[in-house]
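Reader: I have a structure to look at and would like to go through it step by step. Please show it first.

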Amino acid sequence: MAQTPLGGEGFSFATPTEFVELPSRGQFYPEGHPLHDCEVVEIKHMTAKEEDILTSEALLKNGLALIRLLESVLINKSIEPESLLIGDKNAILIAVRQTGFGNIYNTSMNCPACNTLNEKDFSLENKEIKESVLRDNVELLESGNFLFHDTEHDLEIEIKLLRGKDETRITQSIERLKKLKKDPGSVTTMLQNIIVNVNGMKEPAAIRQVVNAMPVSLSRRIRNIYEEAMPNINMYADFDCSSCSHVDRLEVPINLNFFWPEL
C-alpha cells in the first residue's frame, strides 16, 4: 500500500493508495485505452473531499456523484469513469466504499420466503471475481466486442459489454419513459444497447427492428451469452430471516445506503 502526502504548508496527511483487481483484467478495452491489458488499477482512499462529493445536492440531483467520486479517487486521471466496464466500475466502487466506511455494510432486504424486511450486516470482504466465459460459437473481437454465430437463424450478431456511459444512458431513458407513463421494456432496452451489429446492419433503427421481432429463444440466448461474457464482481452472503427462519444464500443488495450509511 502506497501513501501520498496531502495537505497544506507545514502539515500533511499521508493518504494511502491501493490496487484494485479488475474483473476484466483489462482484456476488453481497445488499444489506446489506459486500462488496456491492465489487471489492476490504483485508487486513493476516501477523504473528506470525497465525502463532500457524496453529499453534494447538485451532484446527487444530476446523478453525477459516483462519477465525480471515481474521478477523484482514480490515480490515473486519464481514465474516464464512464469508459469503465460495469464490472470493473463495481469492483472499484466496492473498494472505495471499504476505504471510507469499512468492511461492514448494513442494509435491509426482504426475505424471499415471507417478504419480511430484515436488517442485516454484511462483510464486503466476502466478494469474488466472476471472470468472462465464452461459448464455442462466440468470438472475441479486437475491439473488445463479441461476435455470436447463430446458425439456427443464419445470423452474425455483434455484442458489446456495457460501460458506465451506457448504464447512465439506459437509466435516463427508462426514467424518461416512466415519466411519459410508457413501459420501458427492460428486455428490449437491454438488447438494443448490447447489440451493435446484425449481419452488417449497424443503424439503431435497424437494430431496434430486429430486436422487436426476435424470437424469445434467441433473445434469451443472447442475454445468457452477455451475462457469461461480462466480467463482474459478486457478493453473496448467508441470510437467515428473523421472522420465518428461512435460510438462504443471497446476493448482497447494493442500494442507496451503500455510500450513504447512517454513521
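The turns below go from the whole chain to its helices, one sheet and some charged pairs.

Reader: How many helices and strands does the secondary structure come to?

Author: This is a predicted model, and what follows is computed from it. The C-alpha atoms fill a box of roughly 70 × 55 × 40 Å along the principal axes. Within it, the secondary structure comes to eight helices and 12 strands.

Reader: What percentage of the residues count as buried?

Author: A residue is called buried if its relative accessible area is under 20%. The protein has 263 residues, and the share of them that meets this is 40%.

Reader: Among contacts between residues at least 6 apart in sequence, what share join residues at least 24 apart?

Author: Contact here means heavy atoms within 4.5 Å. Of the contacts between residues at least 6 apart, those that join residues at least 24 apart make up 58%.

Reader: In which order do the three strands of the open sheet lie?

Author: Strands β6 (127-130) and β12 (247-251) stand at the edges, each with a single partner strand, so one side of each has no neighbour in the sheet. Neighbouring strands are turned against each other by 30° on average, direction ignored. The pairing is antiparallel, and the order is β6-β11-β12.

Reader: Which residue of β12 does Y236 stand opposite?

Author: Strands of a sheet pair through backbone hydrogen bonds, either parallel or antiparallel. Strand β11 (residues 232-240) and β12 pair in the antiparallel sense, over five bridges. In β12, the residue opposite Y236 is E251.

Reader: Which helix packs on the sheet and touches β6 and β11?

Author: The direction of the helix makes about 60° with that of β11. The helix that packs there, touching β6 and β11, is α4.

Reader: How many of the 16 residues of α4 are buried?

Author: The end C-alpha atoms of α4 are 22 Å apart, which agrees with the 22 Å that 16 residues should span at 1.5 Å a residue. After α4 comes G102, with a positive phi near 90°. Helix α4 is largely enclosed by the rest of the structure, because its buried residues number 13.

Reader: Within what arc do the buried residues of α8 fall, seen down its axis?

Author: Helix α8 (residues 216-229) has 14 residues and reaches 20 Å from its first C-alpha to its last, close to the 20 Å expected. Its residues L218, S219, I222, I225, Y226 and A229 are buried. They line one face of the helix, because seen down the axis they fall within an arc of 130°.

Reader: Which exposed residues does the other face of α8 carry, turned away from the buried side?

Author: The buried residues of α8 are covered by elements including β7 (138-140), β8 (146-150), β9 (155-159), α6 (186-194) and β10 (195-198). On the face turned away from the buried side, the exposed residues are V216 and R220.

Reader: How many salt bridges does the count come to?

Author: A pair counts if a side-chain nitrogen of Lys or Arg lies within 4 Å of a carboxyl oxygen of Asp or Glu. Some of these pairs join up: E21, R25 and E131 are linked in a network of salt bridges. By this rule the count comes to 12.

Reader: How far apart are the closest N and O atoms of E167 and K89?

Author: E167 is in helix α5 (residues 164-179) and K89 in helix α4 (residues 86-101), 78 residues apart, so the pair links distant parts of the chain. E167 is partly exposed at 29% relative accessibility, whereas K89 is buried at 15%. They form a salt bridge, and the closest N and O atoms are apart by 2.5 Å.

Reader: Is D166 buried or exposed?

Author: D166 is in helix α5. Leaving aside neighbours within four places in sequence, D166 is in contact with K160 and L161. Its relative accessible area is 2%, which means that D166 is buried.

Reader: Which residue of helix α5 meets D166 in a salt bridge?

Author: The side chain of D166 meets that of K160 in a salt bridge of 3.0 Å, N to O. A second partner is partly exposed, with a relative accessible area of 38%. It lies in α5 with D166, three residues apart, about one turn of the helix. Its salt bridge with D166 is 3.1 Å, N to O, and the residue is R169.

Methods
Residues numbered from 1 in each chain as written. Predicted model: local features only at pLDDT ≥ 70, side-chain atom pairs only at ≥ 80, totals over all residues. Heavy atoms only, no water. Helix = DSSP H or I, 4+ residues; strand = E, 2+ residues; numbered from the N terminus. Buried < 20%, exposed > 50% of the residue type's maximum accessible area, 1.4 Å probe, protein only. Pairing = 2+ DSSP bridges. Axes fitted to C-alpha atoms, helices over the stretch in contact; angles between N-to-C directions. Expected span 1.5 Å × (residues − 1). Arc of directions from axis to C-beta.
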